Each structure stands twice: as C-alpha cells, then as structure tokens.
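Please walk me through this model in the viewer, one selection at a time. Tell me what to select at each stop and what is found there.

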Amino acid sequence: MTIPVYRLPIGIECSSNNGKVRVSGDRGLVIFDSVSKLYRKGNIVVFLPYLTPYYSSIFTQAILGVILGYTIELQLKGIGYRVRQEEGKLIFSLGYSRPVVLDIPEDVSVKLTKKTFLLKSANYSILQNFATTIRSYRFPDSYKGGGVLYAKEVLVCKEGKKT
C-alpha cells in the first residue's frame with residue numbers, strides 16, 4: 001500500500017493543531033477539522049493516520065481555494081426583485097411584505113450589480129452554504145421562471161393551464 005502524499009504549491013502554508021488543519025495562501029485562509037496529524041517536510045505533506053476520501057477532498061478544495069478562490073454568481077429574475085448591501089448585511093426585496101436581511105459571513109466577499117451579484121471566498125463549503133441559503137428564500141418558479149437563479153442555470157418552465 002502506498003502512502004498518500006500531498007505536494008504543496010509555492011506560497012501555501014499548511015499546519016495542524018488540536019484537530020484543526022489550517023491552510024493559508026494568497027486568497028485567504030481555510031480551517032477544517034481532521035482527526036489526522038499533519039507531518040511536513042519542505043513542500044511535502046503527509047497525514048497520519050491517512051485521510052479518508054472525504055477529508056482528502058476537503059483538503060484538496062482548501063488548497064485550490066487559497067490558490068485560485070471560488071466564485072458563485074447569482075441573479076435575481078422577477079419584477080421588483082432587488083438586492084443591496086449595508087454594513088455587512090445583504091438586504092433582499094423578493095416580493096414579501098418585509099425585506100429579507102442576511103448577515104454576510106466574514107470569509108465571503110460580495111460584489112453587486114443591478115440584478116446579479118457575485119460571491120467570492122476561499123472556503124468552498126461556506127460559500128456554497130451561503131448561496132443555498134440565499135436561494136432558499138425565493139427558489140426559481142417552475143411556471144414563470146422567476147426567483148434567485150445561478151448565473152448559467154437554464155430553467156425549463158412547465159406549460160400553463162390548458163383551457
């Protein structure tokens with residue numbers, strides 16, 4: 001059996017302490033829990049006991065996140081749907097009687113345009129969780145196609161009532 005060895009790119013720092021693995025780079029910092037201890041020699045990293053496939057994929061996502069970063073683009077489709085940013089909060093007008101207010105996680109940065117907004121982060125799990133939370137407030141309608149959509153998402157609308 002071969003030992004799984006990870007080679008770190010230049011400029012990436014990796015350490016473990018008290019069951020937490022910390023990966024930092026140009027785009028940010030990612031911290032995740034792990035039972036394994038990290039042993040490092042130069043740019044070679046070995047985890048003992050070996051990482052399970054789940055934690056191995058999280059470690060790979062963390063490396064890619066601190067090198068390249070992750071982005072998710074969402075768009076608002078519908079009459080009167082708007083978003084604005086105030087003091088670390090996103091305020092959505094989604095057709096409800098009151099606006100929907102969400103706190104922006106500290107690892108996520110937001111860039112707004114009129115009907116689209118871009119979420120950026122080094123930590124993919126936090127980014128995906130935040131995008132799903134936003135989307136859950138106005139899931140795309142299957143008849144008209146309105147709601148919060150991913151940028152390249154194609155909706156197939158159902159046929160209306162036949163008379």
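A charge is taken to sit over a ring if NZ of Lys or CZ of Arg is within 6 Å of the ring centre and within 35 degrees of the ring normal. The model on screen is predicted.

**Stop 1: R138 and Y96**

Select R138 and Y96 and show their side chains. The charged end of R138 is placed over the ring of Y96, at 4.4 Å from the ring centre.

**Stop 2: the aromatic rings**

Next, show the rings of the aromatic residues. The model has 7 aromatic pairs. One of them is F47 with F59, in an edge-to-face arrangement with 5.0 Å centre to centre and 80° between the planes. This pair connects distant parts of the chain, since F47 belongs to strand β6 (residues 44–48) and F59 to helix α1 (residues 53–67), 12 residues apart.

Are these two rings buried or exposed? Buried means under 20% relative accessible area. F47 has 1% relative accessibility, so F47 counts as buried. F59 is also at 1% and therefore counts as buried.

Now add Y6 and F32 to the selection: together with F47 and F59, they form one aromatic cluster.

**Stop 3: strand β12 and its partners**

Select residues 116–121, which make up strand β12. The side chains of F117, L119 and S121 are on the covered face, while T116, L118 and K120 are on the uncovered one.

Which strands pair with β12? Strand β7 (residues 70–77) pairs with β12 in the antiparallel sense, over 6 bridges. To find the register here, select E73, which stands opposite L118 of β12. Strand β11 (residues 109–112) also pairs with β12 in the antiparallel sense, over 4 bridges. On that side, L112 stands opposite F117. Follow the backbone from β11 into β12 and there is a hairpin, with 3 residues joining the two strands.

Seen from β12, then, E73 is set against L118 of the uncovered face, and L112 against F117 of the covered face.

**Stop 4: the largest pocket**

Turn on a surface and centre the view on F32, I58, Q61, N123 and S125. Among the 13 residues lining the largest pocket, these five lie nearest its centre. The volume of this pocket is about 220 Å³.

Which elements give two or more residues to the lining? They are β4 (29–33), α1 and α2 (124–137). Helix α1 supplies the largest share, with 6 residues. Colour the lining by class to see 9 nonpolar residues, 4 polar ones and no charged ones.

F32 has appeared twice on this tour: as a member of the aromatic cluster and as one of the residues nearest the pocket centre.

**Stop 5: L90**

Finally, select L90 in strand β9 (residues 89–93). L90 counts as buried because its relative accessible area is 0%. Add Y150, which is 60 residues from L90 along the chain; the C-alpha atoms of the two are separated by 17 Å.

Technical notes: Residues are numbered from 1 along each chain as its sequence is written. This is a predicted model: local features need pLDDT of at least 70, side-chain atom pairs count only at pLDDT 80 or more; totals for chains, interfaces and linings use all residues. Side-chain values use heavy atoms; hydrogens and water are left out. Rings of Phe, Tyr and Trp (its six-membered ring) pair if their centres lie within 6.5 Å; planes under 30 degrees apart count as stacked, over 60 as edge-to-face and the rest as tilted. Buried means under 20% relative accessible area, exposed over 50%, partly exposed in between (1.4 Å probe, protein chains only). Two strands pair if DSSP finds at least two bridges between them. On a 1 Å grid over the protein atoms alone, a cavity is a set of points where a 1.4 Å probe fits but cannot get out, and a pocket is an open set with protein on both sides within 12 Å along at least five of seven lines; lining residues have an atom within 4 Å of a point. Grid points are joined across faces, edges and corners, and a volume is the space filled by probe spheres set on the points. Ala, Val, Leu, Ile, Met, Phe, Trp, Tyr, Cys and Pro count as nonpolar, Asp, Glu, Lys and Arg as charged, and the others, Gly among them, as polar.
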